[in-house]
Amino acid sequence: MASDAHTWNLVFLQLLIEELGFEVVNLGATVPDEMLLAECRERGPMLLVLSSVNGHGYHEGLRVIRRLRADARLAGLPVLIGGKLGITGGESAEHIAELLDAGFDAVFDDRPEGIAAFTGLLGRLSERQAHELR
């Protein structure tokens, strides 16, 4: 996210996702929207994961997903967002629903069960990939 300078969450996510068998390109912290879109256009990832720790994930996430969904080349890219999405933590059901309605495929707030749901979803993706390769 453009305003989030935290890196520990990104390193943790990278290691976790790699442990589940995926190749990860970590763009780092404070990534401007245009750079994010350009990297996605160039690399053609199978999935985009956005993480926020500074509490601006809800607002920035809405802006980013609207730009992604408006781009014909990126409109179908699966996109997940998670972390501290608001300044109070534990986002409301209304905010999560709004993020989903805006185009996110899944939203994980900072509740403890979020990481289990996230890894479960990635596990299902990994299983599907393995099945498709057979």
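1. Two strands count as paired if DSSP finds at least two bridges between them. With that in hand, look at the sheet: Leu48 stands opposite Val79 in strand 2, and Ser51 stands opposite Gly82 in strand 2. Strand 1 and strand 2 pair in the parallel sense, over 5 bridges. Helices (H or I, at least four residues) and strands (E, at least two) are DSSP runs, numbered from the N terminus.

2. A word on what you are looking at. This is a predicted model, in which local features need pLDDT of at least 70 and side-chain atom pairs count only at pLDDT 80 or more, while totals for chains, interfaces and linings use all residues. Residues are numbered from 1 along each chain as its sequence is written, and side-chain values use heavy atoms, with hydrogens and water left out.

3. Now the overall fold. The chain has 5 helices and 3 strands, and along the sequence they follow the pattern α-α-β-α-β-α-β-α. The C-alpha trace spans about 45 × 35 × 25 Å along its principal axes. For 134 residues, a compact globule would have a radius of gyration near 14 Å, and the chain agrees with its 14 Å. That radius is taken over C-alpha atoms, and the globule rule is 2.2 Å times the number of residues to the power 0.38.

4. How much of the chain is buried, and how far apart in sequence are its contacts? Buried residues (under 20% relative accessible area; exposed is over 50%, partly exposed in between; 1.4 Å probe, protein chains only) make up 40% of the 134 residues. Of the contacts (heavy atoms within 4.5 Å) with a separation of 6 or more, 74% join residues 24 or more positions apart.

5. Back to the sheet as a whole. It is open, with 3 strands in the order 1-2-3 and parallel pairing. Strand 1 and strand 3 stand at the edges with a single partner strand each, so one side of each is left without a neighbour in the sheet. From one strand to the next, the twist averages 15°; axes here are lines fitted to C-alpha atoms, for helices over the stretch in contact, and angles run from 0 to 180 degrees between N-to-C directions.

6. Strand 2 deserves a closer look. In a regular strand the side chains alternate between the two faces of the sheet. Here Val79, Ile81 and Gly83 point one way from strand 2, Leu80 and Gly82 point the other way, and all are buried. With 5 of its 5 residues buried, strand 2 is therefore largely enclosed by the rest of the structure.

7. Helix 3 is a good next stop. Its 14 residues (57–70) should span 20 Å at 1.5 Å a residue, and its end C-alpha atoms are 19 Å apart, which agrees; the expected span is 1.5 Å times one less than the number of residues. The buried residues of helix 3 include Gly57, Tyr58, Gly61, Leu62, Val64, Ile65 and Leu68. Among the elements that cover them are helix 2 (33–43), strand 1 (48–52), strand 2 (79–83) and helix 4 (93–102).

8. Next, the charged pairs. Side chains of opposite charge can pair when their charged atoms come close. A salt bridge here is a side-chain nitrogen of Lys or Arg within 4 Å of a carboxyl oxygen of Asp or Glu, and the whole structure has 8 of them. What do Arg41 and Asp71 form? They form a salt bridge, with the closest N and O atoms 2.7 Å apart. Arg41 lies in helix 2 and Asp71 in the loop between helix 3 and strand 2, so the pair ties together parts that are 30 residues apart in sequence. Arg41 is partly exposed at 25% relative accessible area, whereas Asp71 is buried at 13%.

9. Within helix 3, Glu60 forms a salt bridge with Arg63, the closest N and O atoms being 3.1 Å apart. These two are 3 residues apart, which means about one helical turn separates them. Glu60 counts as buried at 6% relative accessibility, while Arg63 is partly exposed at 35%. Asp33, Glu34, Arg41, Glu60, Arg63, Arg67 and Asp71 are linked in a network of salt bridges.

10. One further pair is worth finding: Asp105 and Arg69 meet in a salt bridge at 3.1 Å, N to O. Asp105 lies in the loop between helix 4 and strand 3 (106–108) and Arg69 in helix 3, so parts 36 residues apart in sequence are tied together. Both ends are partly exposed, Asp105 at 46% relative accessibility and Arg69 at 21%.
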